[in-house]
Amino acid sequence: MKVLVTGSNGFIGSTLVERLLREGHSVRCLVRRSSNLTWLNDLPVEYVFADLNNAGELGGMVADVERLYHLAGVTKARDEAGYLRGNYEATLQLLAACRDSGRRDLRFIYVSSQAAAGPSAAGRALNEEDPPRPISVYGRAKLRAEEAVQEYAREGFATIVRPPSVYGARDRDIYVYFKSVARGLLLLLGDGRMKISLIHVDDLVEGILLAGESERARGRIYFLSSDEASDWRAIGSIIASAMQKKPLVVHVPVGLLKPVAWMSQLGSKITGVPALLNPDKVAEMLQPGWVCSNARARAELGFRPRISLEEGMTATAAWYKEMGWL
Ligand SMILES: NC(=O)c1ccc[n+]([C@@H]2O[C@H](COP(=O)([O-])OP(=O)(O)OC[C@H]3O[C@@H](n4cnc5c(N)ncnc54)[C@H](OP(=O)(O)O)[C@@H]3O)[C@@H](O)[C@H]2O)c1
């Protein structure tokens with residue numbers, strides 16, 4: 001089957017492309033002329049060079065594909081306009097290209113984010129029926145993109161998946177914790193008891209494929225997370241044992257976060273580089289939890305995450321070491 005993948009050179013996209021090729025699909029990768037193709041090099045894929053924010057470059061590329069996995073997105077931007085451009089406006093352009101193609105049988109699978117749904121209350125996992133309450137500009141931009149995809153789903157076949165934090169080989173976000181543990185330090189916010197859902201990239205890719213295959217998935221939204229949520233103390237200690245390290249555990253007082261975030265944001269305005277810590281990130285860290293339930297994906301898609309946190313973190317640590325990242 002011929003498929004198109006946007007965001008194909010990124011962390012999740014390149015892992016999806018490898019899996020699609022293993023399954024025997026013919027894969028068209030949408031990349032930009034400026035994209036780093038390291039993770040796609042040597043793979044037998046077809047490239048189309050286009051920027052999703054440039055409608056003029058998108059004509060014709062979906063005319064002969066049966067599935068479109070839309071993973072392109074911006075998780076770090078300097079300002080709200082950057083998040084909207086990279087997530088919402090880019091999705092609008094792609095949907096317009098799908099409409100123009102006249103292909104009603106095309107399946108459109110959009111990789112959104114748990115951020116579009118917002119945080120969970122203490123002790124309760126979010127499900128897809130909960131009204132979305134994003135608390136960051138990123139989450140709001142993803143939600144607007146979801147709304148556009150749902151509108152498209154009235155006329156075509158579209159499905160939305162929402163992963164929580166994703167980890168695994170090639171990830172550079174949770175990698176920060178590995179790097180810190182390698183240096184002998186494990187930083188925990190407050191008491192480290194905030195619970196989050198996580199998913200290993202290979203389990204996520206499995207869920208994305210299932211979403212693309214199921215008739216039932218038409219117009220549906222699915223959280224794709226591991227079965228159990230974990231708190232940061234547990235995650236930190238699993239990372240430490242995956243690396244066979246005994247780091248010094250430092251509890252960062254919650255009150256320190258806001259001033260540091262404002263300074264980091266100011267630095268970002270001056271340098272133009274997105275801040276690692278900003279007021280949105282702090283707001284996210286101060287929530288009771290970020291836990292979502294995969295019950296609907298289990299029931300409707302047959303989704304079964306297979307990789308335990310211990311197994312996944314151990315494999316990820318081994319990959320970072322092999323690549324010389326640690
Ligand atoms: N990683 C996570 O923990 C996580 C969690 C939940 C949801 N998600 C979602 O999953 C998707 C993939 O995330 P990721 O972690 O794999 O991100 P990533 O490694 O940063 O990849 C993002 C991809 O999007 C592409 N892209 C961005 N703007 C584009 C545009 N205007 N035109 C064409 N391509 C564009 C990037 O291309 P360039 O290389 O050219 O920039 C890159 O290929 C995103 O939509 C993200 O919101 C990620």
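The residues lining the largest cavity divide into 4 nonpolar, 3 polar and 1 charged, so let's start there and work outward. The model is a predicted one, and the cavity in question is about 30 Å³ in volume. The structure holds just this 1 cavity at a size of 30 Å³ or more.

Who sits around that space? The lining is made up of Val149, Gln150, Ala153, Ala158, Thr159, Ile160, Gly219 and Arg220. If you'd like to find the spot by secondary structure, look for α3 and β6 (157-162), since each of them supplies at least two of the lining residues.

Now follow α3 over to the ligand. This helix, spanning 137-153, also gives at least two residues to the shell around the ligand, as do α1 (11-22) and β7 (165-167). That shell counts 24 residues, and the ones that come nearest are Asn9, Arg32, Ser35, Tyr138 and Lys142. Sorted by class, the shell has 11 nonpolar, 10 polar and 3 charged residues.

Which backbone atoms approach the ligand's polar atoms? Take Phe11 to begin with: one of its polar backbone atoms is 2.9 Å from an oxygen atom of the ligand. Ile12 has a backbone N or O atom lying 2.9 Å from a ligand oxygen too. With Leu52, the ligand's partner atom is a nitrogen, again 2.9 Å from a polar backbone atom. As for how well wrapped the ligand is, it has 900 Å² of accessible area on its own, and the protein covers 85% of that.

Finally, zoom out to the whole protein chain. Its secondary structure comes to 10 helices and 14 strands. The chain's radius of gyration is 19 Å, close to the 20 Å that the globule rule gives for 326 residues, so the chain is as compact as a globular protein of that length. Measuring along the principal axes, you'd find that the C-alpha trace spans about 55 × 40 × 40 Å.

Terms used: Residues are numbered from 1 along each chain as its sequence is written. This is a predicted model: local features need pLDDT of at least 70, side-chain atom pairs count only at pLDDT 80 or more; totals for chains, interfaces and linings use all residues. Side-chain values use heavy atoms; hydrogens and water are left out. A residue is near a molecule or strand if one of its heavy atoms lies within 4 Å of it. A polar contact is a pair of N or O atoms within 3.5 Å; within protein, one must be able to donate a hydrogen and the other to accept it, and residues adjacent in sequence count only if both atoms are side-chain atoms. Accessible areas come from the Shrake-Rupley method with a 1.4 Å probe; for residues, only the protein chains shown count as cover. Helices (H or I, at least four residues) and strands (E, at least two) are DSSP runs, numbered from the N terminus. Ala, Val, Leu, Ile, Met, Phe, Trp, Tyr, Cys and Pro count as nonpolar, Asp, Glu, Lys and Arg as charged, and the others, Gly among them, as polar. On a 1 Å grid over the protein atoms alone, a cavity is a set of points where a 1.4 Å probe fits but cannot get out, and a pocket is an open set with protein on both sides within 12 Å along at least five of seven lines; lining residues have an atom within 4 Å of a point. Grid points are joined across faces, edges and corners, and a volume is the space filled by probe spheres set on the points. The radius of gyration is taken over C-alpha atoms; the globule rule is 2.2 Å times the number of residues to the power 0.38.
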